[in-house]
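Load the model in your viewer and keep a selection prompt at hand. The stops below are given in the order in which to visit them.

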Amino acid sequence: AEAHDLRICLEEVAGEDLNWFFNQWFFKKGYPVLEFQHKYYPEKSELKIMITQNQNLDEWPLYRLPMYIDIYTKEGIQRKKHISVKRFDTISYSIKEAPLLVNVDANKVLLTKKTELKSDEQWIYQLNNAPLWLDKKEAIDQLRNNSKAEVINALLIALDHDFWNVKTMIMKNLDLVIEKEPNKTYDKLISLALNDLHPKVRANALKSLSLFNNQDISDVTHIYIKALEDSSYRVISQALNSLKEVDTEKSLEFSKEMEDVENALINITVASIYAEAGNSSQHQYFINTVKELNGFNKYSFLQQYLKFILRQDEEEIDKAVEIFIDITKNDLSWYVKLSGYQMILRVKSLYQEKGAIIEAEISKLRVSGKEDEAFLLETKLNHFKMKENTLNDVFNELKEDETDKQVLQYIRN
């Protein structure tokens, strides 16, 4: 079947000629670059909407764009159907009063890069009243860098929106809100972190609390510890991560309590805390847990394992290398096997780096005439080179026995 066969089938269903649609969207390259603006003329009771196609017409087509336009007034919403076919398209509608909002492409179906020129009041109205998720997102994107009091207040109010995703979008754009209304924002985030019905909101609220630099650490620590009792692993994970930023020792204590939790997200979170602040006593946690995971969860866990092991002594590193070797030989997922190879190479690089540091020290000692001290360091240097060469041999032996084509395309060179 070809594109024309699909067009004919769709035309039979739609009952209209769709050549224009396939010509502009299927056979030609590009996309419309649009600008929307409007102006109300009270003396004429007339609303003019201007739609401009700004794409380079020498390279891309002039598009035929069917759309709906919603006009919000005190009397309600008027939905207008319009097909824009001009580069500079002006539409006029008769309405009794200035609109509260003009929402071009109201059902958000146009594939386009667009600029909309609206007042702050209209963007706020769109955030509060337009029905679609994309309506909210567009409004937030336009308002997030605006420090006017009415905008800050609107964003704060939107943190109480019924839809959880509106709250999380706001929380990703809080910098100016915190700057202008720190106390209100802080109180609202604590309330969301502990009481909101949706776990993603609770988790994002905990994460957003880290944006406050002047709050009492003991106060926020209490919130994070309380959130560790949450029913959602997502929230517990974020609470642990946030606790780590303000009280590393407490995060280690609570991580220890969660070592037996059978949840991959918690496993990876505990591993990340140990990777940053743990010691050799936590190595057994990695050895035990890596056996229980698979797929992408195992891959993510291994990235934390590597960070952890690079901070440990040679005895612990040797234990880890045996596990990395086992992964390259036996894991069922090619990308996990590949991570085993990558971790062996990274440990090899660690010994290279240590050797380079020793070599630099030896050079300095010899320049200073301290041959005896330089000789003593030669033994240490030779040890690191031996470790490096051993790992290089291990890697090459594993590579020779490797049969997974996806792994081989990454490790051949």
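Start with E316, which is buried because its relative accessibility is 8%, and buried means under 20%. This is a predicted model. E316 sits in helix α16, which covers residues 314-330. Leave out the residues up to four places away in sequence, and show what E316 touches: S280, H283 and I309.

**Aromatic rings**

Next, select Y274, Y285, F286, F301, Y305, F308 and F324; these residues form one aromatic cluster. Over the model, the count of aromatic pairs comes to 23. One of them is W334 with Y410, a stacked pair with 5.8 Å centre to centre and 15° between the planes. This pair links distant parts of the chain, since W334 belongs to helix α17 (residues 334-367) and Y410 to helix α19 (residues 405-411), 76 residues apart. Colour the two by accessibility: W334 counts as partly exposed at 23% relative accessibility, while Y410 is exposed, with a relative accessible area of 52%.

**Helix α11 and its two partners**

Now select helix α11 (residues 233-246) and helix α13 (residues 264-277), whose axes come within 9 Å and cross at roughly 10°. That angle makes α11 roughly parallel to α13. On the α11 side, display Y233, R234, I236, S237, L240, N241 and K244; on the α13 side, display L265, I266, T269, V270, S272, I273 and E276. These residues make the contact, and by class they divide into seven nonpolar, four polar and three charged. When reading such a list, recall that an α-helix has 3.6 residues a turn, so residues three or four places apart point the same way.

Keep α11 and add helix α12 (residues 248-257). The axes of α11 and α12 come within 6 Å and cross at roughly 145°. L240, L243, K244 and V246 of α11 meet T248, K250, S251, F254 and S255 of α12. The contact of α11 with α12 has four nonpolar, three polar and two charged residues.

Which residue of α11 should be centred here? K244 lies in this helix. K244 is part of the contact with α13 and also part of the contact with α12. Is K244 buried or exposed? K244 is buried, with a relative accessible area of 10%. Leaving aside neighbours within four places in sequence, K244 is in contact with S251, I273 and E276.

**The open sheet**

Move to the strands and select β4, β3 and β6. These three strands form an open sheet in the order β4-β3-β6, with antiparallel pairing. β4 (76-84) and β6 (101-104) stand at the edges, each with a single partner strand, so one side of each has no neighbour in the sheet. From one strand to the next, the twist averages 20°.

Zoom in on β3 (residues 65-73) and β6, which pair in the antiparallel sense over four bridges. To see one bridge, pick D70, whose bridge partner in β6 is N103. Then show the side chains of β6: L101 and N103 point one way, V102 and V104 point the other way, and all are buried.

Centre on I69, which lies in strand β3. I69 counts as buried at 0% relative accessibility. Without its neighbours within four places in sequence, I69 is in contact with I49, Q78, R79, K80, H82, I91, Y93, V102, N103 and V104. For scale, draw a distance from I69 to N213, which is 144 residues apart from I69 along the chain; their C-alpha atoms are separated by 44 Å.

**Helices by the sheet**

Add helix α3 (residues 120-129). α3 lies across β3 and β6, running at about 70° to β6.

The last stop is helix α4 (residues 133-143). Which residues of α4 are buried? They are D135, K136, E138, A139, I140 and L143. To see what covers these buried residues, turn on β6, β7 (113-116), α3, α5 (149-158) and α6 (164-171), which are among the covering elements.

Terms used
Residues numbered from 1 in each chain as written. Predicted model: local features only at pLDDT ≥ 70, side-chain atom pairs only at ≥ 80, totals over all residues. Heavy atoms only, no water. Pairing = 2+ DSSP bridges. Helix = DSSP H or I, 4+ residues; strand = E, 2+ residues; numbered from the N terminus. Axes fitted to C-alpha atoms, helices over the stretch in contact; angles between N-to-C directions. Contact = heavy atoms within 4.5 Å. Buried < 20%, exposed > 50% of the residue type's maximum accessible area, 1.4 Å probe, protein only. Parallel < 35°, antiparallel > 145°, perpendicular 65-115°, else oblique. Nonpolar A, V, L, I, M, F, W, Y, C, P; charged D, E, K, R; others polar. Phe/Tyr/Trp six-rings, centres within 6.5 Å; stacked < 30°, edge-to-face > 60°.
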